[in-house]
Each structure stands twice: as C-alpha cells, then as structure tokens.
Amino acid sequence: MITGFVVKSESGSNEPLRNRVRASSFWRRLLANPAAWLGGFLMLLLITTALSAPVIAFYPYDKINPTQSLQPPSWQHPFGTDKLGRDMFSRVVFGAQLALQIGLVALVIALGGGLVIGLASGYLKGWTDGVLMGLMDLMLSFPPVLLALIITYVLGPGFGSLMLAVGLSPVPGLARLVRGQVLSLSAKDYVLAAQAIGASPSRIMLRTILPNILTPVIVLGTVLFPEAILAGAGLSFIGLGAQPPSPDWGVLLLDGRTYLVEAPWLVNFPGLAILLVVLGSNLSGTALREALSPKP
C-alpha cells in the first residue's frame, strides 16, 4: 500500500486522479499562453468598467449641456462631447454595461436553446429529430443578420427585442453542433450502460451526455459573445436596436457618423471600445480552445 494513493485493481482506474491531472494540464497550458493573459485582461477591463460605471463616469450619460457642444477631448471631457454637449466618456462607459448585458443575455439564450434542442433532437431521434431539425434548417436558410433583422422588425425596435434577436440567431448552428456530438456519444458504452439500468432519457441527457459535450460548447460560447456585441451594435446603428438617448455603442456610432470630419472622437472611442472587447473575447477563446485541445 502506498500512502496518499488509492490502490485499485489492474483493470480499474483512478478517475479522480486522472481528472486532477487533466485539470492541472489545462491550467498550465492556458496560463502559458500570452493570448490568454491579454484576452483575460481586456475582458476583465470590460467587466470592471461596466460594473463601476456609476462611480468612474464624470457626468450622467444623458446630461445635456448645449454650451459644451462638440468639445474635443480635454481634462474635463477625456473623450470629448457630442452634439448635445453630453460627456462621451460617460456614454462610452455606460455603454459597456449594455454591451456586457447584450453579450451575456444573448449567450444564455443561444446556449440554452441550442443545448435543449440539440440534446432532444440527437438523443430522442424519430419524429422529434425531424421536427426540430426541420425548424432549425428553416432558420438556417436565413443569414444570421437577416434573421436578426426580421425578429427586430416583427417585435419592434428596442433593447429587449435586440437581445432576443441576437440570442436567437445562433441557435440553429449551435443546435446542429450539439446534435452531432450527441449522436456520436449515443453509442458509447457509458450511455448504453445507463440505458441498461433503466435511467430516464432526461437523466441520461443531463447527467451522462451533457458533461461530455461541454468543451466544444464552451469554446463556441467565447465566439458567440463578441458576435452578439457586434450584432447588437450593428442593429442599433441601423435603428432597429437600442434607441436614443441610450448610450449603446451602436447608437453612439449612429449619432457620430455625420461628424466624422468635424468631431471624429464621436466614432473613434465607441469604435475602439467595440474593437477591444471583440479582440479580448477572441483571444480568450483562442487560448481556451488551445488549452482544451488534446496534446500528443
């Protein structure tokens, strides 16, 4: 007997020990990747800015001051002011709250819908698979941007319809991915064993299959998050998302588009904010994918 280790038969395996080794290897690869550090820093910056917006903003984001209209960046207004004299730093900072909300809510809708539909379709098969995948194929026949436009047009412009549209658009692709993973796992020994002992379909899907398909879903989530923010800003820019005087970054770009020469800071700072968030999320996703991928 060796102290500190669980001794098993030659045919057995120490699963908890293997899990700890895999977790240690994952964190080692992740922390050794410079992209993970830069991406993590940028995402932490977004979260910190969004949560501390009421504290770090110099002025209310909707405070109008006509005497300060279109002022360039200065110590008093680090990001300048817009055509109504509103402080752009405050509007960009509060816009981070909306961007984070759009990304997270859309991610929950997309992952929740994709997982439920993909699990049910892949495991139950039969008419359930036919109906669900037929609906997903119908949604896939529309480009994601066009599908989001249709949803926001039907529901009407607004922040709520924006989040719903951005969240529903990636559901078909995610459901297809999950269905493929479920189909490949349905013939595995541990799934067949669970069926043999009489486990219910819901238990098998949630307790046996779901934990084994989370890795590609998590990686895809890091891609969906920046795509949701970009799509939300795009819909707001064309007037189908958040509406003025909202500090949504798409609305800020919409308001500043006519002042590109006279006041370029009106589009530079919101555009830079979108760029940094998308860059940070993409770097984090790349590092996460490389850390989760099997190594020889």
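Residues 24 or more positions apart make up 70% of the contacts in the chain with a separation of 6 or more. The model is a predicted one. The chain holds 13 helices and 0 strands, and its C-alpha trace spans about 80 × 55 × 30 Å along the principal axes.

**Fold**
- Read from the N terminus, the order of elements is α-α-α-α-α-α-α-α-α-α-α-α-α.
- Contacts between residues 24 or more positions apart thus sit within a chain of 13 helices.

**Burial and surface**
- The chain has 296 residues, of which 44% count as buried.
- About 15,700 Å² of the chain is exposed.
- Carbon and sulfur atoms supply 70% of that exposed area.

**Charge**
- Positive side chains number 19 and negative side chains 13.
- The centres of these two sets are 10 Å apart.

**Threonine 152**
- Threonine 152 belongs to helix α6, which covers residues 144–155.
- The relative accessible area of threonine 152 is 0%, so this residue counts as buried, the cut-off for that class being under 20%.
- Beyond its neighbours within four places in sequence, threonine 152 touches Pro157, Ser161 and Leu162, as well as Ala165.
- Leu235 and Leu240 are also in contact with threonine 152.

Notes: Residues are numbered from 1 along each chain as its sequence is written. Side-chain values use heavy atoms; hydrogens and water are left out. Helices (H or I, at least four residues) and strands (E, at least two) are DSSP runs, numbered from the N terminus. Buried means under 20% relative accessible area, exposed over 50%, partly exposed in between (1.4 Å probe, protein chains only). Contact means heavy atoms within 4.5 Å. Accessible areas come from the Shrake-Rupley method with a 1.4 Å probe; for residues, only the protein chains shown count as cover. Lys and Arg count as positive and Asp and Glu as negative; His and the chain ends are not counted. The place of a charge is taken as NZ of Lys, CZ of Arg, CG of Asp or CD of Glu.
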